[in-house]
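Here is a short set of exercises to work through with the model open beside you. Try each task before reading its solution.

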Amino acid sequence: MYTAEMLESMKKVEANRAENAVLEPRRMTAQEKTDLLAAYHPDYKTGEFTELTIGANKGEKVPHELAALLQGKSRIDPANISLDDPDYDVDVLVIGGGGAGSSAAIEAHEAGANVMIVTKLRIGDANTMMAEGGIQAADKENDSPAIHYVDAFGGGHFAAKPSLLKRLVCEAPEAIKWLSDLGVEFDKTEDGTMVTTHGGGTSRKRMHAAKDYSGAEIMRTLRDEVLNRQIPVVDFTAAIELILDENGHVAGAVLLNMETDEILIARAKTVIIATGGAGRLHYQGFPTSNHYGATADGLVLAYRAGAKLMYPDTLQYHPTGAAFPEQIFGALVTEKVRSLGAKLINVNGEAFMHPLETRDVSAASIIRECSDRGNGVKTADGIGVWLDTPMIELKNGEGTIEARIPAMMRMFGKYGIDIRKEPILIYPTLHYQNGGIDIEPDGQSAVPGLLVAGEAVGGIHGRNRLMGNSLLDIIVFGRSAGKNAAALSKDVKLGAMTLEHVNKFNNERAAAGIDDDTVSPKLLPSYARKQN
Ligand code: MEZ
C-alpha cells in the first residue's frame, strides 16, 4: 500500500514530468565523484570489513561475511574421505551451471574433452538467468574494442587488469556472433541490424539485448546446447573441497549430494570454477538481485587450495533495486529503464542526478539523497527514490515499454503498478562481486590446472563494472577456459590425489587462533529451509 507521503510525492513527480523529461542533469566532475563515493558508497565503510589473517590474501580486507567463509572450517575431515575409488573420472570438471560454466563445457566438449558439469542447484539456476539489460560488444561502425576498453577501464577506476580487459573487449564481437549462431534471439530492426543502446558510462551504444530478459535468453540457449551435446550434468550436487595431486596440481573435487548428503569424489585433470557471485551473503544487510545460490563458494574452494584473490573488497550495488512493494524488495530493475530515458527523481519531484553515471556513483548518489539530504521517499518499512518510467513513453512514444522492457512491466504489473503510468520506487541492491579469483587471460589461477571463469574471477572490471560487461565476460572467459582446459588436460599426468592442503589450512587456522566455527563453503543462504 502506498503511504500518504508516497502519494503526495507521486503528484509532484507527475507535475514535473514534462519538464524533467527534457532536462539534461549535468555529469559530476571527477572530484565530486571521488568525494561522493568516499562518503556514501558501501565499499568505503571501513567498519564493514575484516582483515584476513591466513591464506594468500593475508593482511587484506574483505567484507566480514566473506572473511568468515574464507577462513572458515572445512565441511570435511580429510581423514574420513577415501580418494581411492573416484565416482567420476573426467578431463575437465566444470563447477557451476550458469552461463560461464555452460560456455566452458560447450567449448571443452567441442575440443574433444571428456567434460562434466557439477552444480549445486540445476543448470541455469544462476545470475546469468537474472541478467536483464544486455551484453556489450563494439561491433558497430562508430565503435571499436579500443573505445570499449577506455569506457570500461575508466568506469572501473583504472584498476582493471589490462590483459583481462583487453581480452574481454577484443573478443566481444565474436562472442555476440557465437551466441547468435547458437540461437540467441537478440533484438533487431526489420533489416536485421542489431538494436543497441547506451548503459551507464558507455560512450557508444553497444548494449545488445533480448528485450529485458537478455540473460534468460542467453541461458536458455546455452542450456539447450549443453543438453543437445549430452554433456553430463550432475545437479543438486555441490563441490565442497578441491582435490590436489601430490605435486600441487588440481586433481578434482569432493562433492556433496545436496539431497542425500552422500559424499562423492570426482577425479579431473583440470577443473574450472564457474560458481558465480555472492549476493546471498547480503553484505551490510543489503537485499540482492542475485539467485538463491550466490554464496561465494568458488572463492572459498580456491582460497583453501592456495589461489589468490583480486579486489575481494569491492562489490557492486546496482543503483536500481525494487524498493516497493516489499514482495520484490531488492529485485533488479534493469539499467535499460534509464537507457530508455527514465530519470531518477527525489521526494520533491526533482531530477537530482544524470541517470547514466556509472553504477557505483549512481548508487552512492541515491544513498546520499535518501540519507543526509533527506530527499528519500519513505515506504512503510523502507526508503527509496523514484525512477520515472512514464518518461520513457513521453520520449519514445506509446508502446515502447511493452516492446522493450516487458519483464519490468509484468513484474510491477503483478502488484497493480502500471509502469507506463506510474513511477517506481528503487534503492540500491547487492548485485555483483567485482573482485574474485586472480587469473591470467587464459583463465589459469595460481593453482596449476585450476581455471576460473565468470563472476568468480576478479580484476576483469577493476573496482566497478559497467552494465553488460558481465554477460560478456561469462561468454568470453567461459569459452576460453573451456578451450584451454581441454588443451591442458591432454598433457596432464596426475599424481596421487590428496587433501593435504585442507589439513594445512586447518593448521594455519589453529596457528592464527581462529576459533570461529563458521563452516564453508556456505552453499545456501542463511534463511534456506535445509541448512547444509
Ligand atoms: O550487466 C548487468 O549487470 C546488467 C545488464 C544489469 C541490468 O541492469 O540489466
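The exercises below concern a predicted model, and each comes with a worked solution.

**Exercise 1. Which residues surround the ligand, and how do they divide into nonpolar, polar and charged?**

Step 1. Begin with the shell itself. The residues around the ligand are Glu132, Gly133, Gly134, His318, Leu332, Thr334, Glu335, Arg359, His431, Arg465, Met467 and Gly468.

Step 2. Sort them by class. The shell holds two nonpolar, six polar and four charged residues. Glycine is counted as polar here, so Gly133, Gly134 and Gly468 belong to the polar group.

**Exercise 2. Find polar contacts to oxygen atoms of the ligand from Glu335, Arg359 and Arg465, and say how much of the ligand the protein buries.**

Step 1. Look at Glu335. Here a backbone N or O atom is 2.7 Å from a ligand oxygen.

Step 2. Turn to the two arginines. Arg359 places a polar side-chain atom 2.8 Å from an oxygen atom of the ligand. Arg465 also has a polar side-chain atom 2.8 Å from a ligand oxygen.

Step 3. Now take the ligand's surface. On its own the ligand exposes 270 Å², and the protein buries 98% of that.

Step 4. Finally, consider the space around it. The largest cavity is the space that the ligand takes up.

**Exercise 3. Where does Gly468 lie, and how far is it from Gly134 in sequence and in space?**

Step 1. Place the residue. Gly468 sits in the loop that runs between strand S20 (457-458) and helix H16 (469-489).

Step 2. Check its accessibility. Buried means under 20% relative accessible area, and Gly468 has 7%, so it counts as buried.

Step 3. Compare the two separations. Gly468 and Gly134 stand 334 residues apart in sequence, yet their C-alpha atoms are 5.2 Å apart in space. Both glycines are also in the shell around the ligand.

**Exercise 4. Locate the cis peptide bonds that precede Pro325 and Pro521.**

Step 1. Take Pro325. The bond from Phe324 to Pro325 is cis, with omega near 0°. Pro325 belongs to the loop between strand S13 (315-322) and helix H11 (336-339).

Step 2. Take Pro521. Ser520 and Pro521 are joined by a cis peptide bond with omega of about 0°. Pro521 is part of the segment after helix H17 (500-511).

**Exercise 5. Gln230 and Ala296 have positive phi values without being glycine. Which of them is buried and which exposed?**

Step 1. Read the angles. Phi is about 60° for Gln230 and near 65° for Ala296.

Step 2. Place both residues. Gln230 lies in the loop between helix H9 (214-228) and strand S8 (233-234). Ala296 lies in the loop between strand S11 (263-273) and helix H10 (297-304).

Step 3. Apply the cut-offs: under 20% is buried and over 50% is exposed. Gln230, at 68% relative accessible area, is therefore exposed, whereas Ala296, at 1%, is buried.

**Exercise 6. Is Gln444 buried or exposed, and what does its side chain reach?**

Step 1. Find the loop. Gln444 is located between strand S18 (436-438) and strand S19 (450-452).

Step 2. Use the accessibility. With a relative accessible area of 16%, Gln444 is buried.

Step 3. Follow the side chain. The side chain of Gln444 reaches the backbone oxygen of Val447 at 2.7 Å.

Notes
Residues numbered from 1 in each chain as written. Predicted model: local features only at pLDDT ≥ 70, side-chain atom pairs only at ≥ 80, totals over all residues. Heavy atoms only, no water. Near = heavy atom within 4 Å. Polar contact = N/O pair within 3.5 Å; in protein donor to acceptor, adjacent residues only side chain to side chain. Areas by Shrake-Rupley, 256 points an atom, 1.4 Å probe, with all protein chains shown as cover. 1 Å grid on protein atoms, 1.4 Å probe; cavity = no way out; pocket = protein on both sides within 12 Å on 5 of 7 lines; lining within 4 Å. Sits in = over half its atoms within 2 Å of the grid points. Helix = DSSP H or I, 4+ residues; strand = E, 2+ residues; numbered from the N terminus. Buried < 20%, exposed > 50% of the residue type's maximum accessible area, 1.4 Å probe, protein only.
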